[in-house]
Amino acid sequence: NYGKISTAEVSSAVTAEGTETYSLGGVVGSNVGTIIGAINTGVTHARYGDLITSDSVGGIAGVNTGYIESVYNDGDITGGNYVGGIVGYNKYPTTEKAPNIVDAVNAGNVIVGAKTEETQPDYKYSGGLVGYNDGGVNNARNTGAIEGRDNVGGLVGYNAEGSTLTNLINGIAAEIVGLDNVGGIAGVNA
């Protein structure tokens, strides 16, 4: 999406169809533009057979380098690296460092594949809102469960240096399960 999406609702399933996919989102795969008022209630599955195959998976967008406001996800999300209830991988769109995800709520479960067999890698970066945050998130809430391996957070899996998290709530019912670097707000805050 390079344009503007406003007041949109998605309830269909989005599923990976290959062995190596990238940027899978309930509303858009990749957002460079603006999304305002989007709702996703459909599942976003990054599985191909028994393998988890996709990186950068989110309930609203797989990758966000644009602006997202007033969004809600209630669909379950599965993926590999960079998986979040709202956005898998979030990055500031400019050098201004203004928040680029504002007023977001996730109620869906985020499930990231753990190392269960030799063909399944050790996946990283899963969060209730954002898997890997290199941007700004303001006024957001998570109530969904998060299950991952490394860098697992109730709100963000990894909050990069220079990124901001402001006025966030992780609900009491949001169970967070992981192996290394697991936290109620962030797995890692650099």
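Reader: Which residues is Val 71 in contact with, leaving aside its neighbours within four places in sequence?
Author: In this predicted model, Val 71 belongs to strand 11, which covers residues 67-73. Its contacts beyond those neighbours include Asp 103, Ala 104 and Val 105, and strand 15 spans residues 101-106. The full list is Ile 35, Gly 37, Ala 38, Ile 60, Ile 86, Asp 103, Ala 104 and Val 105.

Reader: In which sense do strand 11 and strand 15 pair, parallel or antiparallel?
Author: The two strands are joined over five bridges. Asn 73 stands opposite Asn 106 of strand 15. The sense of the pairing is parallel.

Reader: What is the order of the strands in the open sheet?
Author: The sheet has six strands with parallel pairing. Strand 1 (4-10) and strand 23 (164-170) are the edges, each pairing on one side only. From one strand to the next the twist averages 10°. The order is 1-5-11-15-19-23.

Reader: Which residues touch the most other members of the largest nonpolar core?
Author: This core has 19 residues, and strands 5, 11, 15 and 19 each supply at least two of them. Apart from it lies another core of 12 residues, including Ala 16 and Tyr 123. In the largest core, the residues asked for are Ile 68, Val 71 and Leu 129.

Reader: Is Leu 155 buried or exposed?
Author: Leu 155 sits in the loop between strand 21 (150-153) and strand 22 (156-159). Among the residues it touches, beyond four places in sequence, are Leu 129, Val 130, Leu 168 and Ile 185. Its relative accessible area is 0%, and buried means under 20%, so Leu 155 is buried.

Notes: Residues numbered from 1 in each chain as written. Predicted model: local features only at pLDDT ≥ 70, side-chain atom pairs only at ≥ 80, totals over all residues. Heavy atoms only, no water. Pairing = 2+ DSSP bridges. Helix = DSSP H or I, 4+ residues; strand = E, 2+ residues; numbered from the N terminus. Axes fitted to C-alpha atoms, helices over the stretch in contact; angles between N-to-C directions. Core = buried A, V, L, I, M, F, W, Y, C linked by side-chain atoms within 4.5 Å. Buried < 20%, exposed > 50% of the residue type's maximum accessible area, 1.4 Å probe, protein only. Contact = heavy atoms within 4.5 Å.
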